[in-house]
Structures are given as structure tokens and as C-alpha cells.
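Got your viewer open? Load the model shown here, turn on the cartoon view and keep the selection box handy.

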Amino acid sequence: MTKATRFGRVMTLCAGIAVASAAMAQTAGEAVPDTGLNIPDNMQVFGKVDPNVRKPTAIVNDTVITGTDVDQRVALIMAANPLKISDEDKVRLRTQVLNQLIDEALQIQEAKASDITIPAAQINSSFNGVAKNFQQTPDQFRTYLRKVGSSERSMKRQIEGELAWNGFLRRKVEPSVNVGEEEVQAILARLEASKGTEEYRVNEIYLSATPDRAEQVFASMRQMIEKIQKGEAPFGYFARNFSEATTKSVDGDLGWVRAPQLPESLAKVATTMAAGQIAGPIEVPGGFSLLYLVDKRQVLTADPRDARLALKQLTVNFPAGTTQAQATDRVSAFATAVKQIKGCGDVAKVASALGADVVDRDSILIRELPQALQQIMLQLQIGEATPPFGSAQDGVRALVVCGRDEPRNGELPRADQLQGQIEQQRVNLRAQQMLRDLRRDAIIEYR
């Protein structure tokens, strides 16, 4: 299953917004009741309206979603993915964000209907955890959010939505999802029978398209491919923010699948792709898909890239203002020093001489590394280092192999592991169905 840890949602608005809206609805010439405030009948408002009072973008079962809420969530996404996107993509992104905020409101409402509320202390603790992931204190993270045009409130709403929905699923859905031993054993038997066949790690972006929109959607997806290939944004960014598939929350990741598990049109393409390739738009029922083949392997067959490595990483950063000539000299010195490393016990000494940072990493699968590094790591012996790699912005680095656990051949997953995976898949499917039903039954008023 996915290892991703995602962060979450928060928003509550009071009835005072309705009062403020009613007050602003007065027109010139209306008689103003005697309030003792000496307000003229033919008044004009000078200056800007309080930015904290906005017209709602949508009202979801009495929960108000404002334009500010949408703006702040869009700003957070843009800050996490610093890239240039077209005006058309911005419009599409705002639509996706509004849909996400509507889903969050429905999830929080459904959880509260089952007496599941998230204490403020738990939301604050999760917020502090997100700040730590950004290597910032909570106060620094609040400042950062304001700087990029978002807010602590927007982040906490996201956190609340995710925690509330997970709590609801644990209480209401998970107890009713059971996978029997007989079913597990049947799946293990099918895995054993398929030993040696190829399976594919595939990511997908799906967009629906009616006949009148097919040409427009096709062109839009071609633009996505061009931006991905130019390095303007990763595949996962477009999957997360634009895909209409249920896998959008995990960057479009379908996991490991065999060809018969995919729609016929996708299977034909996937079997001809090389790892790292993108294909599409591919016509599928109801719309089009883009495919990104992350990797492929043979079922229950050992692959050298399944070896687990213990690594030490050395990193040298370039200070602001470093010239090209200075960077070249630094890289050259770094390469010479790394080449002379005599095992992992020598790393600390070399790092000290270079002024480099050292990070230890254990149990890293070779196949989890970028394609270029995979080929290098397969050739290295314990104690050897990679050539330098990196960029002028991120610095230069190298990996030293400190240990290697070779892959085992033909190992079926444990029955309890497989059972847990199937149960989680079914919980996720049930959650998607419930959210679809909540959307269908909700009273949503767009403004």
C-alpha cells in the first residue's frame, strides 16, 4: 500500500456572515432605521471591504465555502509545486480545489453526524507535525503559510477533514469489512500460478469527456504531457490536482498490476512501454487516460533491483552567489575526494574535509531510486561510492554503499499481509462509494 502521509483540512463559519451579507444588500436611497449611529440614508462605502468577509463560493448543507478558502488552498498547492501553469490550468485547478473543499465539508458533516469530532488539541498536534516535516517550528510554518498566500486556518481545515473521515471509516466501515482465509488462500494460489508473468507499476491520469468535449480534453492532456516532459511539473502533480480517477489522492498510483487487470486499451499500451515512459491520451470508456510506467517486474521472480541497501549520503551545498566556475571547482574537488573513500568508515573523515553533510539511510530498495542511479548501484560493491550528482540549486551529492541484502526468489506475501491489503482496498472502495452518495444527496448552492 502507499507510504504517503498526507496532510489535512479545517473551516467553520458563523451565522454572522449571513447577517453581514444582508446588511451589505442595502441600496442607496433606502431608509436606515434609527440606530443612534447617525448613518445617512444615501450612504456610500469608501475603501475596501473587510477581506475576512467574502461572498460564499458554495454553501454545502449550510457549511459556507468562500472564495478566500479556495484562494488559500490553491496558494498552498502552488507553493508546494513551484511551477508555471497556464491560465486555463489555473481555472481547472480552482475547480478541483472547490470540489475538494466540498468533499471535506461533507466528510466532516458525516463524521459529526456519527458523533465523531476532532479535538482542537489533536488538530494542533497534527499541524505541528506538518511544520516539522517542513523543518520549521509551528510559528515559522504559520509565517510561511501567510507568505505564500495561504493560512493556518486553511491547513487545519484540511487536517480536520482527513482526521474526521479516517475516524469515521475506522468506526463505521472497517468493522464490516472482512476477508476470509479461504479467499486469501485462493489469491495466493493465483499468485503462485502467475509466477514469472510480467506486472507493471502504473500511474494514471483520467479525465472524463463527452463527445462534444473530447477534442478539448484530448488537447489539454497533450499539454500536460508536454509540461511533464519539459520538467515543468511531475506526473503526480497533474494526477493529484486534475485527475478524476479515485487514485488522485495517491498521485495516480495504481500499484502493481498485471495486464488483464487493466482496461484493454490501457493494457495494450502498458505492455509496450519502458520504465519511465509516458503514453497517451488513450481513449477509455467515458474519456481519456495518460499512463506513466514507473517500473515493471516478473511476479514472484527475484530481481537484482529488489536488493535492499544501507547507504550514506554526502551532500555539499553551493552558497548563494556561487559562480559557475566556483561550482565547477567544488564539484571537481568533491568528485576526487569521493573517489578516494575507503569504505563507509571513511565517510565521516572525508565529509569533514569537504564540509559536507552526511545522512544515513537503511533498507532502501534499488528500484526505488531514479533510473540512472539504479544502473549505477547495481554495479557498486560495498564501500564504493557513486559519481557526484545533483544540481546548482540543490548542491552536489554522492551515495556510499554500506550494506546489501540480496532479494529472495519466489517469495509469496504472508497471508496476514495479503489479508490486510485486501481489506484496506475494500475500505477505500467503500469510502469512495459513500462519498459519492454524500455528494448526490447534498444540498449544494453555488454562488
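Here is a tour of two sheets, some helices that pack on them, a helix pair and a salt bridge.

First, some housekeeping: this is a predicted model, in which local features need pLDDT of at least 70, side-chain atom pairs count only at pLDDT 80 or more, and totals for chains, interfaces and linings use all residues. Residues are numbered from 1 along each chain as its sequence is written, and side-chain values use heavy atoms, with hydrogens and water left out.

**Stop 1: a sheet of four strands**

Select 308–316, which is strand β8, then add 395–405, strand β11. Helices (H or I, at least four residues) and strands (E, at least two) are DSSP runs, numbered from the N terminus. Two strands pair if DSSP finds at least two bridges between them. With 357–365 (β9) and 389–391 (β10) added, you have an open antiparallel sheet of 4 strands, ordered β9-β8-β11-β10. Because β9 and β10 stand at the edges with a single partner strand each, one side of each has no neighbour in the sheet. From one strand to the next, the twist averages 25°.

Now look at the pairings. Antiparallel β8 and β9 are joined by 7 bridges; along them, Q313 stands opposite V359 and L309 has I364 as its bridge partner. On to β11: 9 bridges link it to β8, again antiparallel, and A310 is partnered there by G403.

**Stop 2: R397**

Which strand holds R397? Strand β11 does. Show its side chain and its surroundings: beyond its neighbours within four places in sequence, R397 is in contact (heavy atoms within 4.5 Å) with Q313, L314, T315, F334, P387, P388 and F389. P387 is 10 residues from R397 along the chain, and their C-alpha atoms are 8.5 Å apart.

**Stop 3: helices on that sheet**

Select 324–339. This is helix α11, which lies across β8 and β11 and runs at about 20° to β11. Axes are lines fitted to C-alpha atoms, for helices over the stretch in contact, and angles run from 0 to 180 degrees between N-to-C directions. Next take 371–379, helix α13: it packs on the sheet, touches β8, β10 and β11, and makes about 45° with the direction of β11.

**Stop 4: another sheet**

Here the order is β5-β4-β7-β6, an open sheet of 4 strands with antiparallel pairing. Its edge strands, β5 (253–258) and β6 (278–284), each pair on one side only. The twist here averages 35° from one strand to the next. Between β6 and β7 (287–298), which run antiparallel, there are 5 bridges; I282 stands opposite S289 in β7. Add 235–242 to see helix α9 lying across β4 (198–208), β6 and β7, at about 50° to β4.

**Stop 5: a helix pair**

Select 87–113 and 152–173. These are α3 and α6, packed at about 45° with axes 8 Å apart. That angle makes them oblique, because angles under 35 degrees count as roughly parallel, over 145 as roughly antiparallel, 65 to 115 as roughly perpendicular and the rest as oblique. Residues that meet here include L101, A105 and I108 in α3, and A164, W165 and F168 in α6.

**Stop 6: a salt bridge**

Finish with R142 and D139, 3 residues apart in helix α5 (138–147), about one turn of the helix. They form a salt bridge (a side-chain nitrogen of Lys or Arg within 4 Å of a carboxyl oxygen of Asp or Glu), with the closest N and O atoms 2.7 Å apart. By this rule the structure has 23 salt bridges.
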